[in-house]
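Let's take a walk through this fold, strand by strand. Keep the viewer open as you read.

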Amino acid sequence: MNILLVEDEQKIADFVCEGLRAKSFNVTHCADGHLGYEVASENVFDVIILDIMLPGRDGLDILRSLRQTGINTPVILLTARNELGDRVHGLELGADDYLAKPFYVEELNARIQAVLRRHGGGTPQHLLEVGSLQLDCINRTINYQDHSVELTSREFSLLEYLMRSPNQVLTRGQLLEHVWGYDFDTCTNVVDVCIKRIRRKIASLQGAGEIVSAIESVRGTGYRLNPR
């Protein structure tokens, strides 16, 4: 699961990031409101953890803007304030939950799991579905009807990133940074090789051959998942 943490207090940010990563979350941290809004609006996350008191732009203003632009990612507010009015206002703006400081990471994790269940609808949280393509995030398999095939960790991360951004063109640079890390050689063709392996595995599933074309090559740029 991909988590965005927008928190300016470094000590709190450090222990939250460390605690959530220990529970196998991928955590992106921003320390000010302007950057937090930019990252939240341009990327796909499963949950946003948003402090109310932020430099540059406060958390309630960020929340308001996200909801006005149609971004419905679950949001958990963090606040040191005890006033009932702030908590009520945050919920009215579209927050899914709030947590007062200080708190334990275990409690935050429980809140994350709760909002994910509420947003999950009829599909189990560990299953990611786009069109006819289903990704099992626990077993790291591609599923089609009664058939499945296992993915390597790189293949899984790459396909998951594409599936969490359907219809969005993702550059090779973005895919490299997300899957292989910022310091990886940008001249490499590992993205293209990995895409070929994923397509081959999808094609190996009985009856799923036509889904292969859903992973579209965008010439000179990167790739896009176009659900059919």
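What follows goes through the parallel strands, then the cysteines, then the antiparallel sheet. One thing to keep in mind throughout is that this is a predicted model.

Start with β1, which covers residues 2-6. How many of its residues are buried? The count is 5 of 5, so to speak a mostly covered strand by the under 20% relative accessibility cut-off. Its side chains alternate: Asn2, Leu4 and Val6 point one way, while Ile3 and Leu5 point the other way, and all of them are buried. If you colour by accessibility, both faces of β1 should come up as buried.

Now look at what β1 pairs with. On the one hand there is β2, residues 26-30, which runs parallel to β1 and is joined to it by 5 bridges. To find the register, pick Asn2, whose bridge partner in β2 is Asn26. How does the chain get from β1 to β2? It goes through helix α1, residues 10-22, and this β-α-β crossover is right-handed. On the other hand there is β3, residues 47-51, also running parallel to β1 and joined to it by 4 bridges. Here the residue to pick is Ile3, which stands opposite Val47 in β3. As general background, strands of a sheet pair through backbone hydrogen bonds, either parallel or antiparallel.

From β3 you can step across to β4, since these two pair in the parallel sense over 4 bridges. Leu50 is a handy marker for this step, standing opposite Leu77 in β4. Along the chain, the route from β3 to β4 passes through helix α3, residues 59-68, in a β-α-β crossover that is right-handed.

Strand β4 itself spans residues 75-79 and is mostly covered, with 5 of its 5 residues buried. Val75, Leu77 and Thr79 point one way and Ile76 and Leu78 the other way, and again all are buried. One more step takes you to β5, residues 97-100, which pairs with β4 in the parallel sense over 4 bridges. In that pairing, Leu78 has Leu99 of β5 as its bridge partner.

Next, the cysteines. How many disulfides are there? The count comes to 0, with a cut-off of 2.5 Å between cysteine sulfur atoms. Take Cys17: its closest cysteine sulfur is in Cys30, 9.9 Å away, which is too far for a bond. Cys17 counts as buried because its relative accessibility is 7%. Cys194 counts as buried too, because its relative accessibility is 0%.

Finally, turn to the antiparallel part. Here an open sheet of 4 strands has the order β6-β7-β8-β9, with antiparallel pairing. Which strands sit at the edges? They are β6 (127-130) and β9 (147-150), each of which pairs on one side only. Direction ignored, neighbouring strands of this sheet are turned by 25° against each other on average.

Zoom in on β6 and its partner β7, residues 133-136: they pair in the antiparallel sense over 4 bridges. Leu128 is one residue to click on here, with Leu135 as its bridge partner in β7. To finish, bring helix α6 into view. This helix, residues 153-163, lies across β6, β7, β8 (141-144) and β9, and runs at about 130° to β7.

Note on methods. Residues are numbered from 1 along each chain as its sequence is written. This is a predicted model: local features need pLDDT of at least 70, side-chain atom pairs count only at pLDDT 80 or more; totals for chains, interfaces and linings use all residues. Side-chain values use heavy atoms; hydrogens and water are left out. Buried means under 20% relative accessible area, exposed over 50%, partly exposed in between (1.4 Å probe, protein chains only). Two strands pair if DSSP finds at least two bridges between them. A crossover is right-handed if, with the strands pointing away from the viewer, the path from the first strand over the helix to the second runs clockwise. Axes are lines fitted to C-alpha atoms, for helices over the stretch in contact, and angles run from 0 to 180 degrees between N-to-C directions. Contact means heavy atoms within 4.5 Å.
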